[in-house]
Amino acid sequence: MRLAKILILLVLCFAGVQICPASETGSWKMPAFIAKDVLQTLKDDEQELDGYCLRLAYPQIAAIEKQPDGSQWLLMADGRQVPFVLSGAGDWQMDDNMPVAHTMAELYNLEPERPDLAPGQAPGRKRSRFLLEALYGNNASEVRKGLVSTKFRGRKIALSRPAGQALAAAIPELEALLAEKPHLAPWLVPEGGFYWRKIAGENRLSPHSYGIAVDFGVKIAPYWRWARINPHPKQKSYPGEIVRIMEDNGFIWGGKWHEYDLMHFEYRPELVCKARIKAMLGGISSSFPPESPESLGKGRKHPLENAPGK
């Protein structure tokens, strides 16, 4: 079976399908340097950028196959096919059956950017059920098999292995932050983790169902359905150090949604990757200022050097 998969990938490679080497450990790293020609391609082609970040974030994606009708499919290492781009117009809104590219269409803003958002603007709140199932499992039983336990402030948090590893990498930084600024402790009381359920008021499964979300400071961090204030002043005043540390490790923050969820951090490294590369290319202003490849080697750090997974 393994030989058959290798042969299939080789055939796809010679057929012109983009192949991405996968890590056996499931971990991922953004490169400290991206060649000029690659950067130009990513700048000129949004789908190439999305695919690039998806393959960096999820080594289970073995290849991206382009079809004559313009559709594109993610080919997973286990043989599954996940819709990446579908030809023709689609009104996906908050439908979790949407193709993966649609979930990346809204650019997530890295710290310190917290722009005002119109109703419905919530980068990262759109998700593809097909991708989540391929990565983490089709049901609660399958997801549970891939969970790991991560301990923070005396509490155990059950997350999928990649999200758990990312949180474990963030914890030393969060602990150092608490040592320096103990008044932030109420914001960093961990809750949640894996919990198979639907989103309140919706038919979609919560990202907690796939073990990729953790909640901090439930008692003081407002949620839009409870607070009924929009925008909420805490969206601007929430401690930026916490958000930055979590973003550095591949998590997005629900406080950057119009339908806000300030306690919510969700493992979406593909969105962090896209935001950082956009910042490199001058697409947005962020705490990771654009740098040219020529500036490397002159005592200056490249904006991708501290990327999630490092």
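Q: What counts as a disulfide here, and how many does this predicted model have?
A: A disulfide is a pair of cysteine sulfur atoms within 2.5 Å. We're looking at a predicted model, and C53 and C273 have their sulfur atoms 2.2 Å apart. That puts the pair inside the cut-off of 2.5 Å, and the count by this rule comes to 1 disulfide.

Q: How far apart in sequence are the parts that C53 and C273 tie together?
A: Start with the helices: C53 sits in α3 (residues 46-57), while C273 belongs to α11 (residues 269-280). The link between C53 and C273 is left-handed, with -70° about the S-S bond. Because the two cysteines lie in these two helices, the pair ties together parts separated by 220 residues.

Q: Are C53 and C273 buried or exposed?
A: Buried means under 20% relative accessible area. C53 comes out at 0% relative accessibility, and C273 also has a value of 0%. So C53 counts as buried, and C273 likewise counts as buried.

Q: How many residues does the largest nonpolar core take from helix α7?
A: The largest nonpolar core has 72 residues, and L54, L74, F216, M246 and F265 have the most contacts inside it. Helix α7 covers residues 161-180 and provides the largest share of this core. That share is 8 residues.

Q: Which residues does M246 contact, leaving aside neighbours within four places in sequence?
A: M246 is one of the residues with the most contacts inside the largest nonpolar core, and so is F216. Leave out the neighbours within four places, and the contacts of M246 are L167, A170, L174, V214, F216, F251 and F265.

Q: Which residues are closest to the centre of the second largest pocket?
A: This pocket holds about 290 Å³ of space. It is lined by 18 residues, which split into 9 nonpolar, 3 polar and 6 charged. Closest to the centre are R197, I199, A200, Y223 and D261.

Q: Where does Y223 lie, and which residues does it touch beyond four places away in sequence?
A: Y223 is in the loop between β8 (213-216) and α8 (224-227). With a relative accessible area of 10%, Y223 is buried. Its C-alpha is 7.6 Å from that of M263, though the two are 40 residues apart in sequence. Not counting residues up to four places away, Y223 touches A200, Y260, D261 and M263.

Q: Which element gives the most to the lining of the largest cavity?
A: The structure holds 2 cavities of 30 Å³ or more, and the largest has a volume of about 80 Å³. Two elements give two or more residues to its lining, α4 and α5. With 3 residues, the one that gives the most is α5.

Q: Which residues of α5 are buried?
A: α5 is mostly covered, with 6 of its 8 residues buried. Right after α5 comes G137, with a positive phi near 135°. The buried residues of α5 are L131, L132, E133, A134, L135 and Y136.

Q: How many charged residues line the second largest cavity?
A: About 60 Å³ of space lies in this cavity. Its lining is D96, R127, S128, R129, L132, R204, L205 and Y210. Sort them by class and you get 3 nonpolar, 1 polar and, for the charged ones, 4.

Q: Which peptide bond is cis with omega near 0°?
A: There's a cis bond from E111 to P112, but its omega is near 10°, and P112 sits in the loop between α4 (100-103) and α5 (129-136). P231 lies elsewhere, in the loop between α8 and α9 (234-237). The cis bond with omega near 0° runs from N230 to P231.

Q: What is the phi of R153, and is R153 buried or partly exposed?
A: R153 is in the loop between β5 (147-152) and β6 (155-160). Its phi is positive, in a residue other than glycine, with a value near 55°. At 39% relative accessibility, R153 counts as partly exposed.

Q: What share of the contacts between residues at least 6 apart in sequence joins residues at least 24 apart?
A: The chain has 11 helices and 10 strands. Of its 310 residues, 50% count as buried. Among the contacts in question, the share joining residues at least 24 apart is 65%.

Technical notes
Residues numbered from 1 in each chain as written. Predicted model: local features only at pLDDT ≥ 70, side-chain atom pairs only at ≥ 80, totals over all residues. Heavy atoms only, no water. Buried < 20%, exposed > 50% of the residue type's maximum accessible area, 1.4 Å probe, protein only. Contact = heavy atoms within 4.5 Å. 1 Å grid on protein atoms, 1.4 Å probe; cavity = no way out; pocket = protein on both sides within 12 Å on 5 of 7 lines; lining within 4 Å. Points joined across faces, edges and corners; volume = space filled by probe spheres on them. Nonpolar A, V, L, I, M, F, W, Y, C, P; charged D, E, K, R; others polar. Core = buried A, V, L, I, M, F, W, Y, C linked by side-chain atoms within 4.5 Å.
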